[in-house]
Amino acid sequence: MDGKPHEDYVGYDGNAYIGRIYLDQQTLKAGKWRWAGGKPERCRTMMMPNSGWLPTAAEAARQVEDYWDAMLANTRIHKK
């Protein structure tokens with residue numbers, strides 16, 4: 001990777017994996033941050049989009065957090 005740091009991070013809510021962000025250095029989106037949301041254990045389906053690219057690490061991390069919150073809210077709605 002030409003001496004560049006490998007920027008790759010995962011997030012957890014307790015023991016639950018909520019998602020991942022990393023700096024894309026190899027695809028046509030190189031230089032952007034890839035985000036991917038996780039799925040709560042009790043959730044049956046994924047909401048879409050569940051991944052994408054954003055210009056900064058902060059925006060990508062926020063997207064993972066917002067996605068996780070939406071998935072939890074959706075799980076509570078369907079639990080009733």
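Student: In this predicted model, which residues does Thr75 touch, not counting residues up to four places away in sequence?
Tutor: Leaving aside residues up to four places away in sequence, what remains for Thr75 is a short list of contacts. Thr75 itself is found in helix α1. The residues that Thr75 touches under this count are Pro40, Arg42 and Cys43.

Student: Is Thr75 buried or exposed?
Tutor: The cut-off for buried is under 20% relative accessible area, whereas exposed requires over 50%. Because its relative accessible area is 7%, Thr75 counts as buried.

Student: Which residue has its backbone oxygen 2.8 Å from a polar atom of the side chain of Thr75?
Tutor: The pair joins a polar side-chain atom of Thr75 to a backbone oxygen, with 2.8 Å between the two atoms. The residue that supplies this backbone oxygen is Met71.

Student: Which element gives the largest share of the largest nonpolar core?
Tutor: This core has 11 residues, among them Cys43, Met71 and Leu72. Two or more of its residues come from each of β2 (16-23), β3 (33-37) and α1 (57-79). With six residues, the largest share belongs to α1.

Student: Which residues does Ile18 touch, not counting residues up to four places away in sequence?
Tutor: Ile18 is one of the residues of the largest nonpolar core, as are Val64 and Trp68. Both Val64 and Trp68 also appear among the contacts of Ile18 once residues up to four places away in sequence are set aside. The full list for Ile18 is Gly11, Tyr12, Asp13, Ala36, Gly37, Gly38, Val64 and Trp68.

Student: In which sense do β1 and β2 pair, and over how many bridges?
Tutor: Strand β1 covers residues 8-13, and one of its residues, Asp13, has Ala16 of β2 as its bridge partner. The pairing of β1 with β2 is antiparallel, and the number of bridges is six.

Student: Which residue takes a positive phi in the hairpin of β1 and β2?
Tutor: Two residues lie between the strands of this hairpin. The positive phi, near 70°, is taken by Gly14.

Student: In what order do the elements of the chain run from the N terminus on?
Tutor: The chain has four strands and one helix. Read from the N terminus on, the order is β-β-β-β-α.

Student: What part of the contacts with a separation of 6 or more joins residues 24 or more positions apart?
Tutor: The count takes in contacts in the chain with a separation of 6 or more, and asks which of them link residues 24 or more positions apart. Their part is 38%.

Conventions. Residues numbered from 1 in each chain as written. Predicted model: local features only at pLDDT ≥ 70, side-chain atom pairs only at ≥ 80, totals over all residues. Heavy atoms only, no water. Core = buried A, V, L, I, M, F, W, Y, C linked by side-chain atoms within 4.5 Å. Buried < 20%, exposed > 50% of the residue type's maximum accessible area, 1.4 Å probe, protein only. Contact = heavy atoms within 4.5 Å. Polar contact = N/O pair within 3.5 Å; in protein donor to acceptor, adjacent residues only side chain to side chain. Pairing = 2+ DSSP bridges.
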